[in-house]
Amino acid sequence: MMQPKAKILVVDDDQVARELLVEALQKEGYDVESFGSGQEAIERGQQLPVDLVLTDIRMGAVDGFHVLREFKRIRPGTPIVLLTAFGSLEGAIEAIKQGAYDYLAKPFRKEEVCLVVQRSLDHARLLRENSRFREELRERAVLTGLVGSSPAMLEVYKLVARVAQGKSTVLLEGESGTGKELVARAIHGNSPRHEMPFVPVNCGALPDALLESEMFGHEKGAFTGAVGVKHGLFETANGGTLFLDEIGELGQALQVKLLRVMQDQEIRRVGGTSSVKVDVRLIAATNRDLPTLVKEGRFREDLFYRLNVVRIKLPPLRERREDLAMLAHHFLQKYTGTADHPVRGFARETLALLDQYSWPGNVRELENAIERAVSLSHGPVVLPEDLPESLRRTALAPPSVHQAAPVLEKDDRSEFLLTLEEVERRHLLRVLKEMKGNKVKTAKILGIDRRTLYRMAERFGIDLGEDTEGTGENPTKA
């Protein structure tokens, strides 16, 4: 299905300027309506939604600032770009202060207008996506506490919904950081046991002697320091769910005792002589290959089959990249509340870096990266330099010899066969040349800040010259 054309309103009492703008934007494929007065544009905005408004400032009784304020009231998500023949720094500051997306001084070039229009529409789309992400997160948090809508995660949701109502033991498999405990909590939270305890224990965190006491409890005098009766985690979880994380680390002796508990539904405290009945649903998780451990004699086969009643495999993050943006916004929302300044979103280059990275630490690594970025960010959006250096270095690393792009013959260097990296480099050079080396204007047209511009130039080996503006440096020196 074709995407509908963006609807743009052009507002200017100068008919010639208005018609030039309409012609330029229609050639770019936009659906354009034009008005000679601000009041007509406001009335049109009250009737139907629009995607963007380009309005002159100095018009009759209803000027561009009035149009801006009215659209902010009736269509708050619509970006407004102000145009004026009397450009000044004060005017630009006032326009942005009142909520305009951008400010253009006449006379302007068609290319400049088209770039600003595209950036404005992209910005509005990102804001809508952010809003949609937040809404989806709110809805899904009520159900599972999980984030993601990829096909792989939808399969996980289906299995969670099916097994939640029963008592069957569940085995969760997946790499470290894939969210196994979140899935366990989702199963418990959607089960008839949701009002009873959910008790997690990491089987690899303690030596077997201590873990046995933690899981089954002990009687007074069972060992040195046992000064009283201690109820174990099975008793604590009675009526609820016990989550055994990293079950593959469990020693042989404890495997035998766990198997007995699963068979008899009763435990015996360390040093005790009588059994205690327990009603506990078990959910186990592992990042190891249990069938291989069984073959090697390091994990009991009968315990494996007891645990492997319902098996749910959690996909690594690299296999569910459709969820990256949603997860990133989820963690951004989580940690923005603890930051000294509000961070509203991500620069496009930042999301591209997140997508290029392989995420060996999965969702947990992504969360840590976003928490760090939020704490280091100085502005309203997370920039690439706010991400961990190791992530940036790995994501931007050149492809291996097996992944390298094929060398093109001299007569086959068509522009459409260039790598994205080369397209980006050439575009940067074109904009620098068009702006006569003015770095402020170049950064503005590219939609980036000057720090990012310098980093791009360094990456492509482009000499930006002295740190002065409008001096006509040669931007093609590499």
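Here are legends for five close-up views of this predicted model.

**View 1. Five strands side by side make an open sheet.** Read across the sheet and you meet the strands in the order S7-S10-S13-S6-S14, with parallel pairing. Strand S7 (198-202) and strand S14 (310-313) sit at the edges with a single partner strand each, so one side of each has no neighbour in the sheet. From one strand to the next, the twist averages 20 degrees. What holds strands together in general? Strands of a sheet pair through backbone hydrogen bonds, either parallel or antiparallel.

**View 2. Here we zoom in on S6 and S14, and on a helix lying across the sheet strands.** Strand S6 (residues 170-173) runs parallel to S14, and four bridges join the two. Which residue in S14 is the bridge partner of Val 170? That's Val 310. Helix H7 (residues 180-189) lies across S6, S7, strand S10 (241-245), strand S13 (281-286) and S14. Compared with S7, helix H7 runs at about 155 degrees.

**View 3. The second largest pocket has a volume of about 530 Å³.** How many residues line this pocket? The count is 24, and Gly 177, Thr 178, Gly 179, Lys 180 and Leu 182 are the ones nearest its centre. Three helices, H7, H13 and H15 (362-376), each supply at least two residues of the lining. H7 gives the largest share, with five residues.

**View 4. Helix H13 (residues 324-336) is one of the helices that help line that pocket.** Its 13 residues reach 18 Å from the first C-alpha to the last, close to the 18 Å expected at 1.5 Å a residue. Plenty to look for along H13: its buried residues include Leu 324, Met 326, Leu 327, Phe 331 and Leu 332. His 329 and Tyr 335 are also among the buried residues of H13.

**View 5. Two single residues, Thr 55 and Ala 152, are shown in their settings.** Thr 55 belongs to strand S3 (residues 52-56). Is Thr 55 buried or exposed? Its relative accessible area is 0%, and buried means under 20%, so Thr 55 counts as buried. Leaving aside neighbours within four places in sequence, Thr 55 is in contact with Val 11, Gly 64, Val 67, Ile 80, Val 81, Leu 82 and Leu 83. Ala 152 sits in helix H6 (residues 151-164). With 27% relative accessibility, Ala 152 counts as partly exposed. Now find Leu 314: along the chain Leu 314 and Ala 152 are 162 residues apart, yet their C-alpha atoms are separated by 8.1 Å.

Terms used
Residues numbered from 1 in each chain as written. Predicted model: local features only at pLDDT ≥ 70, side-chain atom pairs only at ≥ 80, totals over all residues. Heavy atoms only, no water. Pairing = 2+ DSSP bridges. Axes fitted to C-alpha atoms, helices over the stretch in contact; angles between N-to-C directions. Contact = heavy atoms within 4.5 Å. Expected span 1.5 Å × (residues − 1). Buried < 20%, exposed > 50% of the residue type's maximum accessible area, 1.4 Å probe, protein only. 1 Å grid on protein atoms, 1.4 Å probe; cavity = no way out; pocket = protein on both sides within 12 Å on 5 of 7 lines; lining within 4 Å. Points joined across faces, edges and corners; volume = space filled by probe spheres on them.
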